[in-house]
Amino acid sequence: MVQTSLVAARRLDVHPRVGLLRFVLPSFMVVLGLRAATDFEVLMALQKRKSSESETVKANQIEVVHTRVFAASPNGGNPCPVMPCADRLTDRQMHDLARKFGLDTAFVLRPRTKSADIRIRYFVPDHEMGVSGHATIAAITVARLDGTLKSDHVRVETMTGIFEVESARRRDGIIVTLEQNKPVFGPTLDPNPVARALNIDAKRIRLAESPIQSVSVSRAKLLVPLEDSKVLDNLNPDYQALWELSEKLQVTGFYPFIRHTDKENAQAEARQFPLRAGFPEDAATGVAAAALGAYLATYDRKCLTGQHVLRIAQGYAMQAPSAIEAIVECAAGKVTRTAIRGTAEVVRRERIED
């Protein structure tokens with residue numbers, strides 16, 4: 001038997017002792033009450049390897065949670081894809097995904113700042129943004145539903161800074177309040193270039209109560225008071241002129257609005273035309289609504305001391321009815337706090353190749 005094993009080892013071009021062990025060891029295993037691998041065990045090993053390869057394929061995928069934010073009806077709100085675990089994605093992959101969806105897209109990552117609980121990056125098809133109100137509410141809602149965030153109060157790290165967020169569970173979902181900064185009011189503007197960008201007669205801009213003005217609570221928006229809902233609904237901007245004027249004024253979009261609207265429980269209605277985002281209009285814009293809240297609290301309510309909650313309707317011209325709550329607090333004739341409040345609904349989940 002030993003001689004046979006040595007010959008076999010030479011034929012296999014291995015060391016004779018190794019060849020000997022290959023042939024002798026099974027016999028010893030039988031003597032010792034052990035057993036050699038059976039065909040079934042080999043099959044199971046192959047199956048385990050296939051399973052491991054399958055897990056590797058899954059590891060190359062990323063989960064996407066599709067949401068709608070600030071919805072005022074079943075088909076309303078602003079759609080927002082959320083990537084709950086995006087740390088392994090590169091900048092280019094994030095940008096490519098936003099282009100694929102054609103929407104504001106939120107990417108949740110581990111924070112880099114010790115004082116933050118979560119970090120979010122925001123991409124639209126054409127560029128990265130510093131912060132997005134509706135996308136933050138979407139990302140926080142997904143994190144709370146998935147158990148990633150346990151606390152009702154968290155600090156969110158963004159490119160623009162750290163923002164405080166409160167969330168509370170209700171029967172119909174999770175309501176999220178996103179703190180913004182104190183408003184910064186820019187200079188007032190002549191109506192003519194703004195009217196040309198919006199493709200309307202300058203007389204349709206209502207300047208009797210308040211001016212055209214940029215306001216920022218995290219990202220600057222140009223607030224344009226219009227005459228009535230007919231003017232607002234029929235807006236068809238010259239986008240190139242609008243973008244060029246936005247860049248000149250250093251704002252991230254136009255937010256034309258009306259004070260009187262037939263939308264239920266709304267104190268104002270608006271439309272948002274963003275700066276070179278990759279899409280022409282937003283169905284619901286949290287940072288713009290918060291800026292408008294600060295503007296209305298200043299010009300209409302004269303910074304009356306106390307809290308003002310203003311409900312802003314948006315998205316109706318896009319057949320995506322939305323409602324955003326802007327929270328403004330005033331004291332000593334100044335706005336001392338701004339925030340936005342609303343909910344996000346999870347529409348579906350999927351896994352895609354990253």
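This tour moves from the whole chain to an enclosed cavity, then to one helix and two loop residues.

**The whole chain**

Begin with everything displayed, and bear in mind that this is a predicted model. Colour the chain by secondary structure: 9 helices and 17 strands should appear. The chain has 354 residues, and 47% of them count as buried. Now consider the contacts between residues with a separation of 6 or more: 62% of these join residues 24 or more positions apart. If a surface is switched on, about 18,000 Å² is exposed, and carbon and sulfur atoms supply 52% of that area.

**The cavity**

Rolling a probe the size of a water molecule over the atoms shows where empty space is left. In this structure there is 1 cavity of 30 Å³ or more. The volume of the largest cavity is about 120 Å³.

Which residues lie nearest the centre of the largest cavity? Select D104, M129, R219, K221 and D282 to see them; they belong to a lining of 19 residues. By character, the lining comprises 7 nonpolar, 8 polar and 4 charged residues.

Next, select three elements in turn: β5 (127–129), α5 (133–146) and α9 (286–299). Each of them supplies at least two residues of the lining.

**Helix α9**

Keep α9 selected and hide the other elements for a moment. This helix has 14 residues. From its first C-alpha to its last, α9 reaches 20 Å, close to the 20 Å expected at 1.5 Å a residue. An α-helix has 3.6 residues a turn, so residues three or four places apart point the same way.

Bring the rest of the chain back into view. Is α9 largely enclosed or largely open? Of its 14 residues, 12 are buried, so α9 is largely enclosed by the rest of the structure. Among the buried residues are G286, V287, L292, Y295 and L296. Several alanines of α9 are buried as well, including A288, A289 and A297.

**Two loop residues**

Move on from α9 to the loop that lies between α9 and β15 (306–314), and select K302 there. K302 is not a glycine, yet its phi is positive, at about 55°. Its relative accessible area is 63%, so K302 counts as exposed, the cut-off being over 50%.

Finally, select N265, in the loop between β12 (253–258) and β13 (268–270). N265 also has a positive phi, near 60°, in a residue other than glycine. Is N265 buried or exposed? Its relative accessibility is 55%, and N265 therefore counts as exposed.

Methods:
Residues numbered from 1 in each chain as written. Predicted model: local features only at pLDDT ≥ 70, side-chain atom pairs only at ≥ 80, totals over all residues. Heavy atoms only, no water. 1 Å grid on protein atoms, 1.4 Å probe; cavity = no way out; pocket = protein on both sides within 12 Å on 5 of 7 lines; lining within 4 Å. Points joined across faces, edges and corners; volume = space filled by probe spheres on them. Helix = DSSP H or I, 4+ residues; strand = E, 2+ residues; numbered from the N terminus. Nonpolar A, V, L, I, M, F, W, Y, C, P; charged D, E, K, R; others polar. Expected span 1.5 Å × (residues − 1). Buried < 20%, exposed > 50% of the residue type's maximum accessible area, 1.4 Å probe, protein only. Contact = heavy atoms within 4.5 Å. Areas by Shrake-Rupley, 256 points an atom, 1.4 Å probe, with all protein chains shown as cover.
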